[in-house]
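The following exercises concern the arrangement of chains in a protein assembly and the surfaces through which the chains meet. Please work through each task before reading its solution.

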Amino acid sequence: MRISGDLMYKWAREIYSYPRSLTGDGVRYTLNYLKSLLPNLEMIEIQSGTKVFDWTVPQEWTINEAWIKSKNGIKLVDWSHNNLHVVGYSTPVHRMVKREELLEHLHSIPEKPKAIPYVTSYYKPMWGFCLTHETLLRMNDPEYEVYIDSHLFDGVMNIGELFIPGRSTKELLLTTYICHPSMGNNEVSGPVVATALARTLSELGDLPYSVRVVFAPETIGAIVYIHKNLERLKSSVVAALNITCVGDDNAFSFLPTKYGDAYTDKLAEYLIEGKNYPIKRYCWLDRGSDERQYCSPHVDLPMVSLMRSKYNEYEEYHTSLDNMEYISPTGLAGGFQVNFAVIDLLMRNHIPVSTKICEPHLSKYCLYNFKASSGVEKRDNRILNFLTFADGRNDFIDIARLANLKFDDVCWIANELRRHELIYVKCHSDPGLELARV
Amino acid sequence: MRISGDLMYKWAREIYSYPRSLTGDGVRYTLNYLKSLLPNLEMIEIQSGTKVFDWTVPQEWTINEAWIKSKNGIKLVDWSHNNLHVVGYSTPVHRMVKREELLEHLHSIPEKPKAIPYVTSYYKPMWGFCLTHETLLRMNDPEYEVYIDSHLFDGVMNIGELFIPGRSTKELLLTTYICHPSMGNNEVSGPVVATALARTLSELGDLPYSVRVVFAPETIGAIVYIHKNLERLKSSVVAALNITCVGDDNAFSFLPTKYGDAYTDKLAEYLIEGKNYPIKRYCWLDRGSDERQYCSPHVDLPMVSLMRSKYNEYEEYHTSLDNMEYISPTGLAGGFQVNFAVIDLLMRNHIPVSTKICEPHLSKYCLYNFKASSGVEKRDNRILNFLTFADGRNDFIDIARLANLKFDDVCWIANELRRHELIYVKCHSDPGLELARV
Amino acid sequence: MRISGDLMYKWAREIYSYPRSLTGDGVRYTLNYLKSLLPNLEMIEIQSGTKVFDWTVPQEWTINEAWIKSKNGIKLVDWSHNNLHVVGYSTPVHRMVKREELLEHLHSIPEKPKAIPYVTSYYKPMWGFCLTHETLLRMNDPEYEVYIDSHLFDGVMNIGELFIPGRSTKELLLTTYICHPSMGNNEVSGPVVATALARTLSELGDLPYSVRVVFAPETIGAIVYIHKNLERLKSSVVAALNITCVGDDNAFSFLPTKYGDAYTDKLAEYLIEGKNYPIKRYCWLDRGSDERQYCSPHVDLPMVSLMRSKYNEYEEYHTSLDNMEYISPTGLAGGFQVNFAVIDLLMRNHIPVSTKICEPHLSKYCLYNFKASSGVEKRDNRILNFLTFADGRNDFIDIARLANLKFDDVCWIANELRRHELIYVKCHSDPGLELARV
């Protein structure tokens, strides 16, 4: 049932070349492809010009063609070869331009001469090209023909949303963004891992918590989504993960919440300490994706990110070098796994409460000499230790820590005790919900 | 007034050989002897078959005689020599048994060949003998005659309870158990030290807190007692000590409460740090006596244990080697002392509150130049330091820590200030009770 | 506007020689001089014999002349040369005294033979002289004439109080004492620095908090003031500084509140860590001035002291060596500065709250690429980091710590954001008060 890294990599290749930006066909192509994998994905459209808090939804932007030609008619830079070549939201242009003027519209990175940088100008109208510094150094003609066949018009912004109902109306929120053009780790890894998580959780079914997955353009898309759903988000979301930068093979990265004290932090911290992930911890000042909005004042959702190489922190970031070779099937599989593990922990971490006063008479239930999940039968105190902490103050993670137990053993014991009605199990973040199985 | 180790050792010797188990004559003999020392001890009887939470009070068990004879009529194992020789609650038997079958009913410890182990089977009917491994190795006859003259019948379980009224209805609870046959540290030390504490506290009289001492069979006796008294226990008990394993001469042991944050923990911790007891600290996972019941979920009493060698942690434990030679008068005296010290601290640790706004005019009371308990007169700030912390937030232990004072000096200052009505003293765990002397 | 060390030193010299004690002309001369600098200073009189909590206001004491003459008529000790020569509150005397009897009335310090000690006897009637040990050693005549022309009568105790209204009715309390005769660090430094602070704050005007400055005799004056104003003090004072020992050139000293957890502690701690003051930290047990009363049980004001050499801790303390040479203009300037800095922090440390849900669209306000107070323009995250913590939980100090910002930059950002109505600013200790400028 778990989705393989190879399959995710195949999906990533499919959406890699769509010309994504905040709006336009590239976003719609991407969402349509994801809908083919997630039939219940709902498409949301927001009109250009809609006011959302301090922001306005921008015009829709499409682009068909763009190039720079030398005087002798050779295309030196061609958008059809790499959609990073045009500054996002460039206004249309077609004319001869003197070299000096053109240079003001060109973006390259002298220190990374083979990389095309990723540049946008969503809210300040302008046009521009991005190219390798090697190409730029060869452009010595006095004049060039530039052509950008783009359109800015009142259209829509597109967002995809998937809801997987659980036993509780409390929700896990997964978010990812779909607004960068052809990049690997810092774009396509996010949607494909989020899709794989959504499919896996849908197929598992009967989850304690509901799950909501949002595919939206970064920043403005998150703001639009929050604007439409603020009250529900604040009342329902008990844990949240931003799925981003989950595709390469380097070490894992963890970005906690603002104060590091949210329930999602507890889950992630327990996972990290238990699994011995070689993980790099960042702090809130290192944030840079949609947690900026989801954790902002007055929104304050418990969102963390479990990543591979974190945005801003690897050399290929925001350039053409963050491509399909930079990510890999094993990288995606690892990104999936770490996020699935924290979700699995959320879905299994609950609060047991003893139904008895004093210790139960365990030998009546053949639970005094106790066969653990390891299969070896011997007298041990694990059930008694579990029960002594089943006082309503502790969840399974707490009990695992307090009683030096493995989380899997805690769940195994909880199921045994629940089966004999020696405990009842309250949903951690929805205490009114009693769980019949953990 | 303090009871000597020699006297406690004499009491221990008296009750050592009574054939105790969960029920029966051995328990009654023991309680009757204790009643000769504690005239106010009340005897409680619970009928066999009574339901108590998840448990049922077992049948009463008595035994008159038991042995294993070789074919030539020699008694190889004889209960009248040591009452550990029969598995507790053995069903009656009298027949010839083939050696192979007999072996399944014999218990010995190959690694401790001179020790008779202590074995019981309270809730699964069976018969069995316990013997030294040396004896077992000599039993090579093909057949033996076994005889156990025991009886299981609907009778009673016995518990003893003593109440010493104090100025407050809030109580200190002392518990100990009376269900193991002839063993020293892990049986008779407990009842005799508890008896000595009860006598000493009764004679002191006029205590701030009431004291209740419970002598009951371990586990089922504690459960019965909790079942009868749950509401009172929860509303009245402010500190609790389980008096067990208080008889040998080895280092002291401390078992805290579940979370280590109860008032009894504070008292014990302060005592330990102040007296420099060479004490071994255990944790809640090392528990094993009646704190299992008294601190269980929904009961949650603040019970700790201050022991000599802790159950489970010494080689002689639960064998015939834990005998009257293993314990000693000095061992018992030390066990008494450490528990009396924590009780004394409880009875003296209260909350002073200044009756004045601003500093009092101490020189009016000749308290500005101040003669300490040491007898040397000099100007010092001890009274002012006491008073600055007498703001209702701190008890005497807190003030001793905050002001770098000895506890005895704190009490001395409190008495001086109270005498001049510069403070009033609230009972720590019964703030409505004002104390006229500390 | 800041008052120079030279000016403060000039003021100090003016009041240095007034013969201050708990009461009398010396106190009135001092207050009248201070009123010439602080026209709004209000004079308060309390009748001798007034009951204040556990105390009684003492009689007024005046002294005109006092000396010891040798038989040949030479004045060996003369109050008109140094007003430390007479024990404070000496009863009148004029007679011939045998050397042996006289010695019981003389105070000197053998280890500091050139120092006249400072001695008082406010509540136990007696007379005495203080002199250098060198002088004492030369007094070998069999008899001396002693004369103290003092008067004790029902009069008044004098206190000065200045109120500087701010936008909030919540107050900063500054206290200092005016009851020691001619001493430098442990007397005149306090009133002159308090006066300089009062003048500076009055001239600044439009302060967020009101300020109250109290000039009173130590201990009994503080008790009188508390007795008159207890309810207002408890409801209004949000921070308090005792201005004492602020005149010499040695390192700074900090005395925190009783538990070190008051708001004034937070301000002082932040100041100390930020300014890298070479500061010696004392603890509550080292207290010794009016914080004894202002922080006493049932009063509990948040008073700290930021000093130069602390009372009790320098060799010249409470002797004639703590004179105008022991203090200096730079010493006074430093004492002013450290106290002004903590007041300035109080007046500027408030709680910002974002007016927007999600991040604001900063580029609309030209705040995304951000010119810091340093003047260098570059893209940075300081405004976003400020805003993410502007959730109502943090004051500016917290934000400076959380976002690794300088306090001045925090204020600069706050003003920019408030100007654009992207935040509103709540007064830290009067949350109903919104501040239009920080």
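The exercises below treat the chain, the relation between copies, and two interfaces in turn.

**Conventions.** This is a predicted model, in which local features need pLDDT of at least 70 and side-chain atom pairs count only at pLDDT 80 or more, while totals for chains, interfaces and linings use all residues. Residues are numbered from 1 along each chain as its sequence is written, chains are lettered from A and ligands numbered from 1 in the order in which they are written, and side-chain values use heavy atoms, with hydrogens and water left out.

**Exercise 1.** Describe the overall make-up of chain A.

*Solution.* Begin with the secondary structure: chain A has 12 helices and 21 strands, taken as DSSP runs (helices H or I, at least four residues; strands E, at least two) numbered from the N terminus. Next, consider extent: along the principal axes, the C-alpha atoms occupy a box of roughly 95 × 40 × 35 Å. Then turn to burial: 62% of the 438 residues of chain A are buried, that is, under 20% relative accessible area with a 1.4 Å probe, protein chains only. Finally, take the contacts (heavy atoms within 4.5 Å) between residues of chain A at least 6 apart in sequence: 79% of these join residues at least 24 apart.

**Exercise 2.** Determine which turn and shift lay chain A on chain C.

*Solution.* In general, two copies of a chain are related by a rotation about an axis and a shift along it. Here a turn of 120° and a shift of 0.3 Å along the axis lay chain A on chain C with an RMSD of 0.1 Å, the copies being superposed by least squares on the C-alpha atoms of residues with pLDDT of at least 70 in both. This is the relation of a three-fold axis. In chain A, D261(A) has the C-alpha nearest the axis, at 13 Å. For chain B, the turn is 120° and the shift is 0.1 Å, again with an RMSD of 0.1 Å.

**Exercise 3.** Characterise the interface between chain A and chain C.

*Solution.* First, count the residues: 19 of chain A are in contact with 24 of chain C. Second, take the buried area (accessible area lost on being put together, 1.4 Å probe, summed over both parts): about 1900 Å², with 52% on carbon and sulfur atoms. On the chain A side, D54(A), Y259(A) and L285(A) lose the most area, together 35% of what that side buries. Third, examine charge: there are 4 salt bridges between the two chains, each a side-chain nitrogen of Lys or Arg within 4 Å of a carboxyl oxygen of Asp or Glu. D54(A) forms a salt bridge with K356(C), at 3.6 Å from N to O. Fourth, identify the elements: α6 (220-236) and α8 (291-294) of chain A each give two or more residues to this side, and α6(A) gives the most, with 3 residues.

**Exercise 4.** Characterise the interface between chain A and chain B.

*Solution.* Here 24 residues of chain A are in contact with 19 of chain B. The two chains bury about 2000 Å² between them, 52% of it on carbon and sulfur atoms. There are 4 salt bridges; E359(A) and R292(B) form a salt bridge in which the closest N and O atoms are 2.7 Å apart. On the side of chain A that touches chain B, β17 (351-354) and α10 (382-388) of chain A are the elements giving two or more residues. The largest contribution is that of α10(A), with 4 residues.

Notes. Buried < 20%, exposed > 50% of the residue type's maximum accessible area, 1.4 Å probe, protein only.
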